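Please work through the exercises below with the sequence and the three-dimensional model side by side. Each task is followed by a solution that goes step by step.

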Amino acid sequence: ASAPVFSTNPVRLIATVGKDVSLECRPRASPKPRISWRKNDRRVQPSRRIMLLRNNTLRIINSSRSDEGSYVCRAENQFGSAELTTVLLVKEPMRVELSPIRVEVTVGESVVLSCKVTHDPSLDVSFLWLLNTQPLNTQQEGSHFEYIQTQTSTADLMIRSILLKHAGKYGCRAQTSADSVLAEAELLVRGPPGPPGVVIVEEITDTTATLSWSHGVDNHSPITTYNVQARSPVSLGWQTVKTDPDPVTGSMESAMAVELNPWVEYEFRVVATNGIGTGDPSAPSRAVRTKEAVPSVAPTNVRGGNGRRHELVISWEPVSEEFQNGEGFGYIVAFRANGTRGWKEKMVTSADSTTYKYRDETFPPLTPFEVRVGVYNNKGDGPFSGVVTVFSAEGEPREPPSEVQAFAISSSEIKVTWKPPIPGPGRPQGYEVSFWKDIEQEETGKKKRTAGNETTMLLSGLEGNTQYLISVKGFNSVGQGPASSAIKISTKKNAPSLPPGNLMWIQEGNNVSLSWDPVKARDNESEVIGYKVLLRQEGRGHSQVMRTPNSAVVLTLPEGGTYIIEVRAVSEGGEGAASAQVRVLTSSGVRAKSGQLSGRNLAPGLAWTALFLSLMVPSFPL
């Protein structure tokens with residue numbers, strides 16, 4: 001048992017004019033208390049508009065400003081009493097205006113929806129935007145939506161770069177502690193049509209396909225035309241096809257694709273267009289193959305040439321699969337010698353073939369033939385190409401090169417020259433030089449080919465003081481011709497193996513007088529015919545060269561610094577071994593013309609003041 005107790009006291013309740021209001025009175029008490037209501041210290045008398053419900057709630061119907069005041073609910077039992085005060089405020093109802101209430105825009109445009117509220121200034125108002133009854137999530141929509149609120153009673157929604165999916169019913173819900181009011185506006189978005197319905201192939205022939213489909217959504221702009229597209233395994237993606245009727249207007253749901261290729265597997269789709277643009281295509285139809293027909297396209301680029309002697313080689317560009325028009329596709333090759341009447345025809349059964357070779361020992365090289373190539377399949381024969389003239393093969397070269405000559409350049413090099421064979425069938429496209437030692441068999445020798453029709457070749461990497469046999473033959477794409485008679489030539493003796501020794505020098509300013517002991521060739525080496533003096537400035541890679549027949553020379557150094565000098569013997573067999581390198585230091589103030597190396601030979605009997613050079617281990621490659 002307990003006296004009445006209210007959990008909250010007092011209570012503040014805000015209502016709007018014209019709305020029903022319920023003032024609750026739910027004390028905790030045992031036993032059940034007696035309930036009474038009073039307003040502003042006057043007992044509340046029930047009426048048609050003011051009712052006391054069984055749960056002790058005071059119900060006010062169609063409230064007005066006169067209903068404002070303090071309402072007290074008194075609960076009383078034998079253990080005590082308690083009162084609950086409810087302060088009722090009745091405000092003017094809020095009004096919400098959303099404009100424009102209906103707007104049509106085109107994809108890509110922008111629009112602003114403005115929500116204006118008239119409400120009791122003592123109440124705070126908040127806004128909530130909805131799209132198709134769901135709260136608008138601007139995070140998911142990226143930069144398309146932006147809320148703008150410059151006044152407490154006005155909220156705008158900007159929609160930028162509108163998409164088709166932004167169409168729908170927009171709501172602006174304004175809410176205060178007394179009221180919640182929703183205003184709605186409709187946004188229609190005009191855009192390219194949606195995809196048409198599934199495409200059905202109703203009938204197929206060798207060159208036509210009858211198609212049907214259903215309309216897609218027009219997105220508030222009437223469909224003006226349909227575009228029929230097709231693709232096949234050999235096409236470059238989807239291609240627009242000709243139709244009957246042409247054009248296919250927006251009210252139609254069927255058309256015939258015409259001028260298709262026979263015996264080709266096609267898929268079809270349809271694309272709708274309206275005043276805004278072209279929409280997405282329909283889903284592809286099932287793949288269907290057109291009926292077979294006689295081929296209608298002849299091979300192109302018929303030509304010929306090459307081949308072996310007594311061969312007629314005919315070639316052409318193959319007909320692609322989309323123009324073969326059926327199974328059993330092949331080629332008919334027809335040819336006849338110029339001036340004859342009857343055509344010889346040969347069947348080529350492979351659709352991928354591009355060449356036919358005919359051999360006849362009776363016709364000479366470069367005989368002219370009239371040639372044409374046709375097509376056929378299981379349905380019959382198709383057209384022939386135009387007639388072209390093709391010459392029989394001229395064959396491999398028939399004559400060897402003439403006037404073959406060889407010249408020993410050094411101990412390791414031989415230069416070979418020749419003249420082409422007499423002009424005629426079997427013209428060479430290049431030459432092959434064979435060379436072998438006289439103690440070897442030709443089969444074990446080496447071969448070297450020219451890059452083109454050159455008539456000279458340098459053989460290198462040979463052994464010194466060795467006799468070689470050399471022959472030359474022409475070749476072309478057909479084969480090789482006969483070889484010339486082998487000629488003999490010996491390489492020169494090897495260069496002297498000993499380096500110049502006992503180098504001595506005298507320096508006067510920037511002039512250096514240099515001498516060395518003559519190099520004597522051995523019996524199996526070439527005689528010395530002179531010397532090569534190499535000079536370079538230390539730290540630089542470029543060498544300057546001076547040749548002399550004597551074993552002494554005077555050098556004028558180009559500029560001051562440190563110089564590296566070495567000497568080599570020169571013979572018909574090439575250059576000999578290098579002397580030890582020597583280093584000469586000159587005054588840095590002495591300068592000659594840049595890049596200039598001057599010198600003069602000294603007579604063999606020149607008297608020297610002996611000043612031996614300090615020798616260096618060779619370490620500076622020249």
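The exercises that follow treat disulfides, salt bridges, a sheet and the surface.

The model is predicted, so that local features need pLDDT of at least 70 and side-chain atom pairs count only at pLDDT 80 or more, while totals for chains, interfaces and linings use all residues. Residues are numbered from 1 along each chain as its sequence is written, and side-chain values use heavy atoms, with hydrogens and water left out.

**Exercise 1. Disulfides**

Find the disulfides, and state for each the sulfur distance, the handedness and the elements that are joined.

Solution. Begin with the criterion, under which a disulfide is a pair of cysteine sulfur atoms within 2.5 Å; by this rule the count comes to two. In chemical terms, a disulfide is a covalent bond between the sulfur atoms of two cysteines.

Next, take Cys25 and Cys73, whose sulfur atoms lie 1.6 Å apart. The torsion about their S-S bond is about -55°, so this disulfide is left-handed. Cys25 sits in the loop between strand E3 (21–23) and strand E4 (28–30), whereas Cys73 belongs to strand E9 (residues 69–77), so the pair ties together parts that are 48 residues apart in sequence. Strands here are DSSP runs (E, at least two residues) numbered from the N terminus.

Then turn to Cys115 and Cys172, with sulfur atoms 2.0 Å apart and a left-handed link of -85° about the S-S bond. Cys115 lies in strand E13 (residues 111–118) and Cys172 in strand E18 (residues 168–175), so this disulfide connects parts that are 57 residues apart in sequence.

Finally, consider accessibility, where buried means under 20% relative accessible area, exposed over 50%, and partly exposed in between (1.4 Å probe, protein chains only). Cys25 and Cys73 are both buried, and Cys115 and Cys172 are buried as well. With the bonded cysteines of the chain numbered in sequence order, the pairing reads 1-2, 3-4.

**Exercise 2. Salt bridges**

How many salt bridges does the structure hold, and which parts of the chain does the pair Arg336 and Glu370 tie together?

Solution. The criterion is a side-chain nitrogen of Lys or Arg within 4 Å of a carboxyl oxygen of Asp or Glu, and the structure holds 26 such salt bridges.

For Arg336 and Glu370, the closest N and O atoms are 2.7 Å apart. Arg336 is part of strand E31 (residues 330–337) and Glu370 of strand E34 (residues 368–377), so the two link parts that are 34 residues apart in sequence. Glu370 counts as partly exposed because its relative accessibility is 23%.

Continue with Lys242 and Glu259, whose side chains meet at 3.5 Å, N to O. Lys242 is placed in the loop between strand E23 (239–240) and E24, and Glu259 in the loop between E26 and strand E27 (265–274), so parts that are 17 residues apart in sequence are tied together. Both Lys242 and Glu259 are exposed.

A further salt bridge joins Glu68 to Arg65, at 3.8 Å between the closest N and O atoms. Glu68 is partly exposed at 25% relative accessibility, and Arg65 is partly exposed at 43%. Last, note that Arg34, Arg38, Asp41, Arg74, Glu76 and Glu83 are linked in a network of salt bridges.

**Exercise 3. An open sheet**

Determine the strand order of the open sheet of four strands, and identify its edge strands.

Solution. Count two strands as paired if DSSP finds at least two bridges between them. The order that results is E20-E21-E26-E24, with antiparallel pairing. Strand E20 (200–204) and strand E24 (243–244) are the edge strands, each of which pairs on one side only. Within the sheet, four bridges join strand E21 (residues 209–212) to the antiparallel strand E26 (residues 254–257), and Ala209 has Ala257 in E26 as its bridge partner.

**Exercise 4. Strand E37 and the loop after it**

Where is Ser402 placed, and which residues does Ser402 touch?

Solution. Ser402 is located in strand E37 and is partly exposed, with a relative accessible area of 30%. With contact taken as heavy atoms within 4.5 Å, and residues up to four places away in sequence not counted, Ser402 touches Trp418, Lys419 and Pro420. Ser402 and Trp516 are 114 residues apart in sequence and 49 Å apart in space, C-alpha to C-alpha.

Ile409 occupies the loop between strand E37 (402–408) and strand E38 (414–419), and its relative accessible area of 40% makes Ile409 partly exposed.
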